[in-house]
Amino acid sequence: MVKEPVRILVVGGGYVGMYTALRLQRKLKPELKRGEAEIVVVTPEPYMTYQPFLPEAAAGSISPRHVVVPLRRVLDKCRIVIGEVTAIDHAKRCASFTTLATADEGEGPVDITYDELVLAPGSVSRTLPVPGLADHGIGFKTVEEAIGLRNHVIEQMDIASSTRDPAVRDAALTFVFVGGGYAGVEALGELEDMARYAARYYHNVKAEDMKWILVEASGRILPEVGEEMGQYTVRELRRRNIDVRLETRLDSCEDRVAVLSDGARFPTRTLVWTAGVKPHPVLAATGLPLNERGRLNCTAQLTVDGATHAWGAGDAAAVPDVTADEPGKECAPNAQHAVRQARTLGDNIAASLREQPLTEYTHKYVGSVASLGLHKGVAHVYGRKLKGYPAWFMHRVYHLSRVPTVNRKSRVLAEWTLSGLFKREIVSLGSLEHPRAEFELAAGGRSPKESS
């Protein structure tokens with residue numbers, strides 16, 4: 001049994017943060033009830049985003065509210081703090097964080113002490129020093145970015161439909177995606193499918209007028225589904241007149257012109273950057289051991305190597321793969337590992353508090369699935385390779401089974417059912433990004449679009 005009150009600080013509310021706290025709620029239920037343990041989750045957002053559904057949210061197949069899981073409802077036995085951890089002094093078992101009220105209070109970051117530390121801040125987009133990228137690039141890692149990109153694509157079609165300048169029209173209808181992993185390929189596939197459908201409602205914009213370009217620095221895309229399925233994906237995308245450029249890099253996007261390493265130049269108003277991720281910067285402010293990639297050095301038991309009472313998993317942690325044939329191999333930083341590691345992590349923290357032996361994280365590879373648009377996909381599951389409609393159906397079944405809570409499962413299933421009975425929504429709600437624009441204009445000010 002837990003001998004004294006213990007505070008477990010969970011940094012991050014993503015896959016690992018939420019599932020670890022959820023596991024601890026169940027494993028430490030008697031201790032929490034008696035006040036012998038406390039779980040504190042510090043996270044920038046009050047929800048966990050189920051990222052595999054972001055492409056479908058961008059395409060309008062799923063409402064953005066149903067892509068996220070409210071932490072306060074799911075983690076009802078935890079204390080949820082909306083804030084950003086800025087520094088951790090593990091020697092003193094103390095973390096500093098800012099909240100939404102920090103600026104108004106004017107007193108600086110808040111300190112919180114802890115007994116056990118779970119580092120699960122996840123990852124951020126990995127950018128390169130490409131000229132113009134910071135000014136014109138669009139990410140695809142959050143629900144806000146996904147919905148913003150959907151609104152942006154439809155807005156570009158509106159611009160192309162109304163302009164009298166051929167150059168403006170061509171740039172508006174050119175969409176460049178950089179990165180051939182899951183995020184890039186699925187986002188491109190879903191949005192191209194949505195835009196092609198929406199084009200039928202424009203009197204002067206046709207599907208063939210749009211240019212969709214996928215840029216990948218390596219020689220293959222979707223390496224997770226295997227080489228054969230990756231090659232099929234390239235053929236499928238090219239059959240849809242999507243320009244797939246392998247072994248090609250983005251050299252510049254200044255002045256809204258995408259310049260590629262093969263010499264091609266594309267005037268474009270849409271450049272989506274999905275070329276990988278990197279560990280969250282907060283890890284560098286912890287003083288804990290990191291590997292050459294900036295990830296936490298962890299053991300197979302998900303403890304931070306060389307640091308007691310510190311734990312890590314998911315994108316932020318370098319966890320050895322004990323099931324791999326080759327020594328030194330690490331678990332891939334993906335959702336499949338994050339969810340499974342969280343279970344082991346929660347069990348091990350509870351076991352550690354009760355002075356019980358810890359278990360190593362092991363896994364059995366299930367496979368990978370990817371959507372390429374409505375009724376199109378690829379999958380490599382349990383050694384079986386699927387493509388087209390069966391793979392797309394497998395993609396939906398798999399992720400429906402993995403999205404947290406019965407509430408979200410039911411809502412997503414209901415939306416899929418309704419979308420099969422009715423036509424797609426093709427409305428852009430771009431004003432959501434500037435909700436006060438009309439009032440400011442009415443009050444005699446300038447709208448955000450004018451000032452920018």
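Modeller: Let's start with handedness. When two helices cross, the crossing is left-handed if the near helix is turned anticlockwise from the far one by less than a right angle, and right-handed if it is turned clockwise. Keep in mind that what we have here is a predicted model.

Biologist: Good, let's use that. Which hand does the crossing of α12 and α13 have?

Modeller: Right-handed. But hand is one part of the picture. Two packed helices are described by the angle between their axes and the distance between the axes. For α12, residues 389-402, and α13, residues 406-421, the axes come within 9 Å and cross at roughly 155°. This makes α12 roughly antiparallel to α13, because an angle over 145 degrees counts that way.

Biologist: And which residues of α12 and α13 make the contact?

Modeller: From α12 you have Arg-396, Leu-400, Ser-401 and Arg-402, and from α13 there are Lys-409, Val-412, Leu-413 and Trp-416. Sorted by class, this contact has four nonpolar, three charged and one polar residue.

Biologist: While we're on α12, how many ångströms apart are its end C-alpha atoms?

Modeller: They are 20 Å apart, and 20 Å is also what its 14 residues should span at 1.5 Å a residue, so the two values agree. As for burial, α12 has Ala-391, Trp-392, His-395, Arg-396, Tyr-398, His-399 and Leu-400 buried. Notice that Arg-396 and Leu-400 are on that list and also take part in the contact with α13.

Biologist: Let me try another pair. How do I describe α1 and α11?

Modeller: Use angle and distance again. The axes of α1 (residues 15-27) and α11 (residues 335-353) cross at roughly 35° and come within 8 Å. The crossing is right-handed here too.

Biologist: Which residues meet there?

Modeller: On the α1 side they are Tyr-15, Val-16, Tyr-19, Thr-20, Arg-23, Leu-24 and Lys-27. The α11 side includes Ala-335, Ala-338, Val-339, Ala-342 and Arg-343, and also Leu-345, Gly-346, Asp-347, Ile-349 and Ala-350. By class, that gives 11 nonpolar, two polar and four charged residues.

Biologist: Now a single helix. Is α7 largely enclosed or largely open?

Modeller: Count its buried residues: 14 of the 20 are buried, so α7 is largely enclosed by the rest of the structure. This helix runs over residues 143-162 and reaches 29 Å from its first C-alpha to its last, close to the expected 28 Å.

Biologist: Pick one residue of α7 for me. What does Ser-161 touch?

Modeller: Ser-161 is in α7, and beyond its neighbours within four places in sequence it is in contact with Tyr-202, His-203, Asn-204 and Val-205. Its relative accessibility is 17%, so it counts as buried; the cut-off is under 20%.

Biologist: What about acidic side chains? Is Asp-193 buried or exposed?

Modeller: Buried, at 7% relative accessibility. Asp-193 lies in α9, residues 182-198. Leaving out residues up to four places away in sequence, it touches Arg-240, Gly-373, Leu-374, Lys-376 and Arg-424. Glu-31 in α2 is buried as well, with a relative accessible area of 1%. The C-alpha of Glu-31 is 9.4 Å from that of Val-6, 25 residues away along the chain.

Biologist: On to loops. What do I look for in phi?

Modeller: Most residues other than glycine have a negative phi. Two residues here are worth checking against that. Arg-93, in the loop between β5 and β6, has a positive phi near 50°. Glu-247, in the loop between β13 and β14, also has a positive phi, about 50°.

Biologist: How exposed is Glu-247, and how exposed is Arg-93?

Modeller: Glu-247 is exposed, with a relative accessible area of 63%. Arg-93 sits at 24% and counts as partly exposed.

Biologist: One more loop residue, then. Where is Ala-275 found?

Modeller: In the loop between β17 and β18. Ala-275 counts as buried at 18% relative accessibility. Beyond its sequence neighbours up to four places away, it touches Arg-126, Val-178 and Gly-179. Compare His-90: its C-alpha and that of Ala-275 are separated by 33 Å, with their positions 185 residues apart along the chain.

Conventions:
Residues numbered from 1 in each chain as written. Predicted model: local features only at pLDDT ≥ 70, side-chain atom pairs only at ≥ 80, totals over all residues. Heavy atoms only, no water. Axes fitted to C-alpha atoms, helices over the stretch in contact; angles between N-to-C directions. Helix = DSSP H or I, 4+ residues; strand = E, 2+ residues; numbered from the N terminus. Parallel < 35°, antiparallel > 145°, perpendicular 65-115°, else oblique. Contact = heavy atoms within 4.5 Å. Nonpolar A, V, L, I, M, F, W, Y, C, P; charged D, E, K, R; others polar. Expected span 1.5 Å × (residues − 1). Buried < 20%, exposed > 50% of the residue type's maximum accessible area, 1.4 Å probe, protein only.
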